[in-house]
Amino acid sequence: MERTPTRHPDGTTPDAEAAREAATPREPKRHKPKPVFLEQQVRIVGHRWSPRVHELKQLLGRSRVRHLWLDVDADPEAQRLAAQAAPGSTTFPLVLLPDGRVLVDPDVEHLARALGLSTQPSGPIYDLVVIGGGPAGLTAAINAASEGLHTLVVDQNVPGGQITYSAMIENFPGFPRSLDGADLSQRMVQQAERFGVEIVRMRRATGLRAEGLRRLVTLDDGTELSARTIVLAPGVSFRFLESPGCRALVGAGVYYGAATVEASSCRGDDVYVLGGGNSGGQAALFLATIARTVHLVTSDDDIGQSMSRYLVDRIGTTSNIVVVPHSTVADAGGDGHVEWVELLDVRSGQVERVPACALFVFIGAAPRSEWLDGIVALDEKGFIRTGVDEGCCLPADWPLERPPYLLETSLPGVFAAGDVRHGSVKRMTSAAGEGAMAVHLVHQYLRETPADCAARLRRPPRRERAPGRRTAPGRPPGRAGFDPQRFERRPPG
Ligand SMILES: Cc1cc2nc3c(=O)[nH]c(=O)nc-3n(C[C@H](O)[C@H](O)[C@H](O)COP(=O)(O)OP(=O)(O)OC[C@H]3O[C@@H](n4cnc5c(N)ncnc54)[C@H](O)[C@@H]3O)c2cc1C
């Protein structure tokens, strides 16, 4: 009699399961991420305008941890929960974890640790250390680990980078409907961890130096990591508004890139978005689904000057978005939170004070490379230079006979990818592409290193600087702990 194969409740057979397992890449043993509460809900009980509540919501939202914020000033359920969780306490916010723990006014690192997110590297030595867990860094890590490199990603916040601030990524190939950036980045994180990438959150890289063939990275808590190669992918940070009111109210109505996290607290309100680029346009469209009116303030005469056509068209057909052209925000103010903004007409110089509940700012970005000044060559704006420059010059102090690879910085074995790179496209897919390409070059570097580079990298003494070598204006040449022989300038190829 023919045997009926045993079936699991979901209809699969053990054979099918075994075949699927065989086809699935094996879990690398090196690193096992700790569990994170993704299914159950974390509750934050606190004041609406508390910057700490804003930080905690950002952490949870950008990590895709399900959470609910309850306003202790307006919601009786919030007051009941607070009285139950921390009787008599007047300190807020409270964070109620699904396992019953209550955190009183935790900072983001405390909450991250309580959620089981790793904030410390497990060991000091890696094949590749990636600085920055945005699309460039995560793609580099996925490619490196899938090809067997022992890889660590360090992020000063939660991984995901700028895309976690966007709920509407529409230009990612293969996804004709818009993608939620936080969701996409969480998938990248899961994919990286599945390949054995170790991800350390809430740790900032503060130093980089070379000792022979080792590349050493210092973190903000003094930890030193050693790697054979480094990929620098720290991206860019939001540019801040300089007015005193805007500075004082960050997190209390003035938000940088936080449209997705704060949208729910703007229900029925009038909000302002400053910035006529794509990220400002995306934020305006997203907020328009919740706020009463969204005022989109741009210094351009019309939004078509700096925004993609698809966004311009959609804004044109969204009745509750009002475009405020040739204007900027001069200041914001209110009693503990934003109650008004001052609009400056850049043509006439006239200033008008208007009521507002929140101001979302998208006015460009600056490279996060200050800690690399004097270590790798930067351009005059601080973006990291890679490869040979536009004039076919080698970087100052370049020690090897071969020219630097396309994404290699002026320090051999250290690569840069994504928005922080001089000449990069400032798009997610380009950043991811550069991350993948950087790993290809990492392999090339590792292949050549033992036989070709090692002797040269150690060979003293320094020769005179060859004519034509350059460094960015105002930036000292040379790198700590790295004393290679200089080579004659030669064009690539
Ligand atoms: C609101 C918004 C919407 C956007 N929408 C789109 C879109 O629809 N389509 C598109 O193509 N692009 C979009 N972009 C641009 C896109 O997000 C970026 O081009 C892309 O994220 C760049 O990736 P990256 O990895 O180079 O850098 P980032 O995304 O900036 O990531 C860098 C990471 O490095 C970390 N980091 C920085 N310094 C350090 C340090 N010293 N130590 C440790 N970690 C550090 C940061 O915390 C960050 O997580 C948008 C950007 C924004 C802000």
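This dialogue goes through confidence, one sheet and the ligand shell of a predicted model.

Reader: What pLDDT does the chain average, and where does the value stay under 50?

Author: Where pLDDT is low, the predicted coordinates should not be read in detail. Here the chain averages a pLDDT of 85, with 83% of the residues scoring at least 70. Over residues 1-29, however, the pLDDT is below 50, and this stretch has ten contacts in the model beyond near neighbours in sequence. The value also stays under 50 over residues 457-493, although the model has 68 contacts for them beyond four places in sequence.

Reader: In what order do the four strands of the open sheet lie?

Author: Strands of a sheet pair through backbone hydrogen bonds, either parallel or antiparallel. In this open sheet the order is S2-S1-S3-S4, and the pairing is mixed. Strands S2 (67-71) and S4 (102-104) form the edges, each pairing on one side only, and neighbouring strands are turned by 20° against each other on average, direction ignored. Strand S1 (residues 42-46) pairs with S2 in the parallel sense over five bridges, and Val42 has His67 in S2 as its bridge partner. Across S1, S2 and strand S3 (94-96) lies helix H2 (residues 51-62), which runs at about 165° to S1.

Reader: Which residues are closest to the ligand, and between which domains does the ligand lie?

Author: The ligand is surrounded by 39 residues, the closest being Gly132, Gly134, Gly161, Gly235 and Gly418. Helices H5 (135-146), H9 (278-288) and H11 (428-458) each give two or more residues to this shell, which divides into 15 nonpolar, 17 polar and seven charged residues. Because domain 2 (125-237 + 367-458) and domain 3 (244-363) both give residues to the shell, the ligand lies between them.

Terms used: Residues are numbered from 1 along each chain as its sequence is written. This is a predicted model: local features need pLDDT of at least 70, side-chain atom pairs count only at pLDDT 80 or more; totals for chains, interfaces and linings use all residues. Two strands pair if DSSP finds at least two bridges between them. Axes are lines fitted to C-alpha atoms, for helices over the stretch in contact, and angles run from 0 to 180 degrees between N-to-C directions. Two residues are in contact if their C-beta atoms, placed from the backbone, lie within 7 Å. pLDDT is the predictor's confidence in each residue, from 0 to 100. A residue is near a molecule or strand if its C-beta atom, placed from the backbone, lies within 6 Å of it. Ala, Val, Leu, Ile, Met, Phe, Trp, Tyr, Cys and Pro count as nonpolar, Asp, Glu, Lys and Arg as charged, and the others, Gly among them, as polar. Domain bounds come from an automatic or database domain assignment.
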